[in-house]
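Hello,

Here is the structure I promised to hand over, with the sequence alongside. Have a look through it first, and then read on for what I found.

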Amino acid sequence: MVDQARAARLAQRIKVLVAEALRKRVKDDRAEAITLTEVRVTNDLQHATVYYTVLGDATAAEGAREVLEAHHGAIRHEVGRQLTIRLVPTLEFVADEVPEVAAHLEEVLAQAKERDAELARLRENASFAGESDPYKKDGEDSGNEDTAR
């Protein structure tokens, strides 16, 4: 087994190398919108999963996916040339869904905050349905003798 610290260091190095390869070797304008978020390397150092996000809409994301697929070999070649390990890991590019999930979560939290504010406004002018203190106190007569038996 390979130690996990080495795999983590290799993942960080691959992230830097892929970013440099996208900037230097890939001559496509669509590659400029790609941001690498994370790289995970298996413990045997044979496979690297590269997570990326794309600035823009769905067409920009599709264009970035096409760029990564088209230049997959050149990027891997550049990574292999720069790394000093015996076997170059295979690269898999995966679109990172974290920003979309985070944006959805922010929307849900904003809606909950609005509902809380609305409930607070309704609570300001609210009055009790019965008495202000509906609980019996010690020493008070309940008024119904049948329940005491």
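Let me begin with strand β2: six of its eight residues are buried, so the rest of the structure largely encloses this strand. Please keep in mind that this is a predicted model.

One residue of β2 makes a good example. T49 lies in this strand, and its relative accessibility of 12% is under the 20% limit, so T49 counts as buried. Which residues does T49 touch, leaving aside its neighbours within four places in sequence? The contacts are E38, V39, R40, E92 and V94.

The sheet

β2 belongs to an open sheet of three strands, in the order β1-β2-β3 and with mixed pairing. The edges are taken by β1 (34–41) and β3 (90–95); each has a single partner strand, so one side of each has no neighbour in the sheet. On average, and ignoring direction, neighbouring strands here are turned by 25° against each other.

As a reminder, strands of a sheet pair through backbone hydrogen bonds, and they can do so parallel or antiparallel. Both kinds turn up in this model. β1 and β2 (residues 47–54) run antiparallel and are joined by seven bridges. You can follow this pairing by eye: T35 stands opposite T53 in β2, while V41 stands opposite A48 in β2. These two strands form a hairpin with five residues between them, and in the turn L45 has a positive phi of about 60°. On the other side, β2 and β3 run parallel, with six bridges between them. There, Y52 stands opposite A95 in β3.

The helices

What packs on the sheet? Helix α2 (residues 58–70) does, touching β1, β2 and β3, and its direction makes about 150° with that of β2.

Helix α3 (residues 72–82) is worth a look too, with I75, E78 and V79 buried. Seen down the axis of α3, the buried residues fall within an arc of 100°, so they line one face of the helix. Their packing partners are α1 (4–24), α2 and β3.

The largest pocket

How large is the volume of the largest pocket? The value is about 220 Å³. Its lining is made up of 13 residues, and those closest to the centre are V54, A61, A95, D96 and E100. At least two lining residues come from each of β2, α2 and α4 (98–124). A95, one of the residues closest to the pocket centre, is also the residue in β3 that Y52 stands opposite.

Away from the sheet

Finally, take a look at the segment after α4, where you will find A129. Is A129 buried or exposed? With a relative accessibility of 90%, over the 50% limit, A129 counts as exposed. A129 and T53 are 76 residues apart in sequence, and from C-alpha to C-alpha they are 54 Å apart in space.

If you would like a place to start, I suggest β2, which pairs with β1, pairs with β3 and helps to line the largest pocket.

Happy exploring, and best wishes

Note on methods: Residues numbered from 1 in each chain as written. Predicted model: local features only at pLDDT ≥ 70, side-chain atom pairs only at ≥ 80, totals over all residues. Heavy atoms only, no water. Pairing = 2+ DSSP bridges. Helix = DSSP H or I, 4+ residues; strand = E, 2+ residues; numbered from the N terminus. Axes fitted to C-alpha atoms, helices over the stretch in contact; angles between N-to-C directions. Contact = heavy atoms within 4.5 Å. Buried < 20%, exposed > 50% of the residue type's maximum accessible area, 1.4 Å probe, protein only. Arc of directions from axis to C-beta. 1 Å grid on protein atoms, 1.4 Å probe; cavity = no way out; pocket = protein on both sides within 12 Å on 5 of 7 lines; lining within 4 Å. Points joined across faces, edges and corners; volume = space filled by probe spheres on them.
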